[in-house]
Amino acid sequence: MNTLDLFNQKNMKAEAPDAQIGDTVRVHIKVKEGSRERIQVFEGTVIAKKHGGIAETITVRRVSFGIGVEKVFPVHAPSIEKIELVRHGKVRRAKLYYLRDRVGKSAKLQEKL
């Protein structure tokens, strides 16, 4: 095994979160402000997953005060405390970028049973 593979294995999280496209998730992020550290929660719908392995990222979208906010989270970053699954969404696409153009109830996804 080469050095890069060893580094990737060492820094990957043991249990990767099972966040799929269309799921509503709560991402707990460690935020450092001066000498203090706190946990900030960002809840939204997973609209994209990219790459794999240590470089895996998820894009989470939510509407906050009428404005769409998207954040890209590296899944295996040490600043990510945990990714909590709220509900499964029923989708038929790999990327849900079309939700950017939707407003109100049409931007909601059905729940997978």
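Q: Which residue in β5 does Val27 stand opposite?
A: In this predicted model, where local features need pLDDT of at least 70, side-chain atom pairs count only at pLDDT 80 or more, and totals for chains, interfaces and linings use all residues, the partner of Val27 is Ile83. Residues are numbered from 1 along each chain as its sequence is written, and side-chain values use heavy atoms, with hydrogens and water left out.

Q: What makes β1 and β5 a pair?
A: Two strands pair if DSSP finds at least two bridges between them. Strand β1 (residues 24-33) shares six bridges with β5, so the pair meets that definition. Their sense is antiparallel.

Q: Why is one side of β4 and of β5 left without a neighbour in the sheet?
A: The open, antiparallel sheet has five strands, in the order β4-β3-β2-β1-β5. Both β4 (67-74) and β5 (80-87) stand at its edges with a single partner strand each, so one side of each has no neighbour in the sheet.

Q: What counts as a helix or strand here, and how many of them are there in the protein?
A: Both are DSSP runs, numbered from the N terminus: H or I over at least four residues for a helix, E over at least two for a strand. The protein has one helix and five strands, and along the sequence they follow the pattern α-β-β-β-β-β.

Q: What percentage of the residues count as buried?
A: Buried means under 20% relative accessible area (exposed is over 50%, partly exposed in between; 1.4 Å probe, protein chains only). Of the 113 residues of the protein, 29% count as buried.
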